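Visitor: I would like to go through the assignments in this entry and hear the grounds for each.
Guide: Then let us begin once it is on display.

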Amino acid sequence: MLWEIEISSKSGPDREAEHALAEARMCRLNSLATVRSARSYLIEGSLDNAQLQQASGVLADRVVEQVTVRSLPDHSEAGQTERLLNVLFKPGVTDNVGATATKALQELGFEVERVSTCRKYWVNADSNESEVERFASRVLSNDSIDRVLFGPLQLTSLAVGSEQDFELKHVSIRDMDDEQLKTLSQTGQLYLSLTEMQTIRDYFRELERDPTDIELESIAQTWSEHCSHKTLAGRIAYRDENGERHFENMLKETVFAATQTIRKNLGDADWCVSVFKDNAGIVRFDDKQDVCIKVETHNHPSALEPYGGANTGLGGVIRDPLGTGLGAKPVCNTDVFCFASPETGFDSLPPGVLHPRTVMRGVVSGVRDYGNRMGIPTVNGAVYFDDRYLGNPLVYCGNVAMIPRGMSEKEVHPGDYIVAVGGRTGRDGIHGATFSSAELTHESEELSGGAVQIGNPITEKMVHDVILEARDRRLFNAITDCGAGGFSSAVGEMGEETGAEVWLEKAPLKYQGLTYTEIWISEAQERMVLSISPDKWDEFNALCESEGVEATVIGKFTDTKMLELKYQGESVGSLAMSFLHDGRPPVIRDAVYSPPEERAVNLDSETIEHGEVLRKILASLNVCSKESIIRQYDHEVQAGSVVKPLVGIANDGPSDAAIIRPDLSGKRGLVISCGMNPHLGDADPYWMAASAIDEAVRNCVAVGADPERIAILDNFCWGNTERAETLGSLVRAALGCQETAVAYGTPFVSGKDSLNNEFSYVDGETSRTISIPSSLLITALGQIGDIEKAVTMDLKSAGNVLLLIGETHNELGGSHFNLVTGRDGGIVPRVDFEKAPKLFSAVHELIDRGFVRSCHDLSEGGLAVTLAEIAFAGGLGAEIQLQKSGVDATVELFSESNTRFVLEIPSEHLADCHNVLEQAQLPAAVELGHVNESSELVVRGSDGTVLIQDSLKALKQCWQEPLSRF
Amino acid sequence: MDSIEIMDWKLSENSEANKTRSSGHVAPACALISTVSYGFRPVCSHDDSRNSKLVVRDQILRQRPTDRNLRFMASPRVCVLRAPGTNCDHETAHAFELAGGVAERVHLFRVLENPDVLKQFQILCIPGGFSYGDDVGAGVVFGTQLKTRLADTIQEFLQADTLTLGICNGFQVLMKSGILPGGAGEQSSESSSDPEATLTWNESGRYTDLWVNLKSCSDRNVFLKGIEQLESPIAHAEGRLRVSDESVLKAWEENGQVALRYTTCSEADASESDENTVLPYPENPNGSFSNIAGLGDPSGRVLGLMPHPERFLFATQHPQWTRKNLRGDGAGLQIFRNAVDYF
């Protein structure tokens, strides 16, 4: 029997309906005049009336909601005045609420088989048929996870999946010619190159047999760009204005090499513990604990289904530290997003593209719901806007975690059980690894729907709890997460040195009907794979049971160096680990970089209204307040919060970095910040990379981090690197990373790349491709010895002196000044590799000695924006006198030169500050002026001309307005 | 906790004195009061009226030395009850430990297996998080389990001289289980009657993390003794108190059940006339009825609140500690001290 419990609001606004109607208006679905909504539970089982009544009491909040119960199918007449639309998840899509309701009702002793959730909408009956359909498909649902049923529900059952007969499939690859191989690669969603397909064919010709489907899939997963980083870790012939250079392994010779140089320079003082080898990088924290960090991208799934994509993006990256060493405890998250402008017109959207506003809302909610539910504070982040992210938004999710010292190494022992822990395996997320390596097209939505998933953070939290307990009891020998490629990648990687035998039918399934190959490559969420000695299994299993976590032995590690896959006792795959991991032919790519010609910016001073420019920059999407997003994240759970993302007299100023204290009984803190500026990449990727590192480091230093202890991470998101120019700009950025990291002594400890971030579509007859701007995110993980020495960016007291530290050059290339005044050209900000590290040390010394009341870095919008932000955040005015006038004052105000800070210093410490800089042989600091009580920011040129005079209230309003209603 | 106390607790668990108590719950034995002349609430005053209890309690408090870590002070045992999805259990247990209690994180499954587990504790705390994902409503599944599977155990616990605290999701659980606002005797396993109040979606419709100013409105609630004002962060999506019938407020106020209200700023005067006007966001961050942020039961031994006092144990957790040069303890710690000091 199938029942529906429909729940709607008793009184008060119908927010869901209001939201839907507003979206309909934006899509110009003008015939939709009224919308009302309800939610419902579809319950399959045998329940009597009293039980249905009781179930309603649990599922609905009777103080504010009303309930209607009916049996399905619903034979009532379609309404005269309204049309009904029911939105349900497609069969097999994770329905967390449904699953929890099922368990809750079963616990009450009811005979309930399963519960699904449904959203219901009623629109005015005289609405236009095709508009209602667009409303259903554009506003109410996402085709990759939802289905819409019109009229009273006619469902009779919620059952999904049915038993499938086992059938072993072979692929006759040995007879295939190049064309057939290419076709197989595409239609089978293997996304391998022809050379790779040929290598596979030749391997099986040698073995004198055809591969099974599962063998081909295993190879495709392992060889995917996502899992093997074959392009950047491959051979590259690079050419630029300085000549040619050949890389055998580009990443190793640039980014990794920087770390090796730094570690060598540090000698015994080396504080890296485990870098570039595990799921996350690990560095020293204190005597008891090390700290690890990882940042991942989840771009393609987020383009198709923003909520689920971002949700599982964060869920996935949390599993990385959890699967690092013998398991680390997550303590905070960092998230950076790139979108097209939320003001993009609906009419200008290419086919298959979700509106940036929809993407942004979904992504933020997805990250919010996973992080908040896991109880991990999201303390740092950024959002960048550029119209080239339209079809291909970027979602970077990062996690920082603590691991007891001495637990950074793991080792699989032959004979250990292969144990799957956590979520069950379903048909979700199939081909995620290979899909993420392909270019997005307007057909992706249909083709790759299975790659989209919704996470269950509570399952992951439960897994997290048992794993940390099992770690402390030393119940397992090795652990890794099930990410892209599912069991295929996890078991394949863990067993690389030993060998493994997997019994696929043992894997617990969400529903019947999965083939052995689907079980093997499913990327269902919230799963970890552990290597457990048989003598520890009982204790481990008991621990899992005690917390309601499912753990299953799905095979054992062997010493055969073979990957043996079995299903119900029958061999379905047998591959040499060596072929899987080392058999891939090297990728050889050309890379070219030719620097664009430098052009000066036109700075006709007559036309520049400095106050107006400042307001425009404050109101630009990249600079403006992100409070509406930040407040949705729990940034204080775990009670370690020291410097929050928003600071100041009204708790709304933009903090440079976050500080958390991972051990509540200690004084040491972690500092998390990031640096990114895609605008600079168009002009010069080398200096973009240097600037991103500088920005991440100076953000860290600005709140008090010790510059000698900052670890950094690289995340490259680029366009199609099969184009030599695109790859060339990436190599150029990697070279910038290398030189800057070495100069700053900031080792890269982990990184990730996401290539092929392009969106192709057909516009009438023409086929078009939008490639994202070169987007390098640098995440910095700093440390502060004593959290009580931290400083924030908001002005503190009238009378204090404002000091500008660092040199300002005419560097307006890629600046926000150019952006808001419609200019281009100019030199992009560079970095002085010798002075910058000294300057960071000096600023740190000033903060550490307690001379500094507030500190803020200079970045987008230069000095002008920094002054405005510190003033309105502190609720205090400032009177500033520049060193220059005229055109030079414009540069002084808006140049985005790197390695600069504004410090607020009580006058009694002024002499000390000048001394510190002098002893570091740095240029003298500029005394800009004083903090005052005036509630106005006044900036004069050296000739006394007032360039900016504006109230703090107005400046703050400009800055807060743009995304406030998001 | 030192070894002397452990021995004493075991002693009291088996003592005849305890068996005569209706609840059978462990409480510090009377005998200890004679050996340690302060710090314990005398069991013999169990049947006294609330007010006289408080008087006794105050006298005891005044006799206490200021050093809270004094070796012979007995520490009450705190059960920090966690369910799947609970995520503030570590810091909440830490808060009780800092306040001098002995806190243990106990999984709900252990209590479901053996309800007697709860008898070892004097304080029950349901911490924040997303129990069962808040999937069918915040705190609903956890609350339903307390209501249906542990009804007798919870009743027995509440009727004894114990304290119960629910923070954020814990407050939601106390409401959905019926423990609040009625407290002992009121909780009902029948689902026929509609509850008088609920915590539901914030007026903004979204999860919000921000610091709020609170004022204490109850002179009866044990947790709020000596607290007039308090700043703490909220972090929730479903924290808006709504009632079936607004007239319930009168009874709540008479019984001292309105424990905490959102207020305009830390210096705001507590004039009664303005209290019912719902303040705008962000002062009242969720649109709560009568600006209520926390509710107690009529006995004053149960408190549920949406803000997180365990996120203000240290000055450095305050959003403006760098402006105000704050150092040392955070004001939220007092709630946990009050609980520990009750015993």
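Visitor: What makes the meeting of the side chains of Arg311(B) and Asp634(A) a salt bridge?
Guide: The definition asks for a side-chain nitrogen of Lys or Arg within 4 Å of a carboxyl oxygen of Asp or Glu. For Arg311(B) and Asp634(A) the N to O value is 2.9 Å, so the pair satisfies the rule. This is a predicted model, in which local features need pLDDT of at least 70, side-chain atom pairs count only at pLDDT 80 or more, and totals for chains, interfaces and linings use all residues. Residues are numbered from 1 along each chain as its sequence is written, chains are lettered from A and ligands numbered from 1 in the order in which they are written, and side-chain values use heavy atoms, with hydrogens and water left out.

Visitor: How many salt bridges does the rule find across the interface of chain B and chain A?
Guide: Seven are found across that interface. The search of the whole structure, over all chains, gives 78.

Visitor: How many residues does each chain bring to the contact?
Guide: Chain B brings 63 residues and chain A brings 60, where contact means heavy atoms within 4.5 Å. About 4900 Å² is buried between the two chains, 49% of it on carbon and sulfur atoms. Buried area here is the accessible area (1.4 Å probe) that two parts lose on being put together, summed over both.

Visitor: How many residue pairs are in polar contact across the interface of chain B and chain A?
Guide: The rule finds 31 such pairs, with both residues at pLDDT 80 or more. A polar contact is a pair of N or O atoms within 3.5 Å; within protein, one must be able to donate a hydrogen and the other to accept it, and residues adjacent in sequence count only if both atoms are side-chain atoms. Among the elements giving two or more residues to the side of chain B that touches chain A are helix H5 (89-98), helix H7 (140-149) and strand E6 (208-216) of chain B. H7(B) supplies the largest share of that side, six residues. Helices (H or I, at least four residues) and strands (E, at least two) are DSSP runs, numbered from the N terminus.

Visitor: Why do Arg201(A) and Asp178(A) count as a salt bridge?
Guide: Their closest N and O atoms are 4.0 Å apart, and the rule accepts such a pair within 4 Å. Arg201(A) is in helix H6 (residues 194-207) and Asp178(A) in helix H5 (residues 178-187) of chain A, 23 residues apart.

Visitor: Why is Arg201(A) called buried?
Guide: Its relative accessibility is 10%. Buried means under 20% relative accessible area, exposed over 50%, and partly exposed in between (1.4 Å probe, protein chains only), so Arg201(A) counts as buried. Asp178(A), at 32%, is partly exposed.

Visitor: Which parts does the pair of Asp278(A) and Lys410(A) tie together?
Guide: Their side chains meet in a salt bridge of 3.0 Å, N to O. Asp278(A) lies in the loop between strand E9 (272-274) and strand E10 (281-284), and Lys410(A) in the loop between strand E14 (394-404) and strand E15 (417-422) of chain A, so the pair joins parts 132 residues apart in sequence. Lys410(A) has 27% relative accessibility and counts as partly exposed.

Visitor: Are Lys566(A) and Glu501(A) buried or partly exposed, and on what values?
Guide: Lys566(A) is partly exposed at 25%, whereas Glu501(A) is buried at 16%. Their side chains form a salt bridge of 3.7 Å, N to O. Lys566(A) is in strand E21 (residues 562-567) and Glu501(A) in strand E18 (residues 500-503) of chain A, 65 residues apart.

Visitor: Why is the ring pair of Tyr516(A) and Tyr567(A) called tilted?
Guide: Rings of Phe, Tyr and Trp (its six-membered ring) pair if their centres lie within 6.5 Å; planes under 30 degrees apart count as stacked, over 60 as edge-to-face and the rest as tilted. Here the centres are 6.1 Å apart and the planes at 45 degrees, so the pair is tilted. Both Tyr516(A) and Tyr567(A) are buried.

Visitor: What makes Trp687(A) and Phe833(A) a stacked pair?
Guide: Their ring centres are 5.9 Å apart and their planes at 20 degrees, so the pair is stacked. Trp687(A) is in helix H23 (residues 685-703) of chain A, and Phe833(A), 146 residues apart from it, is in the loop between helix H25 (816-821) and helix H26 (835-848). Both residues are buried.
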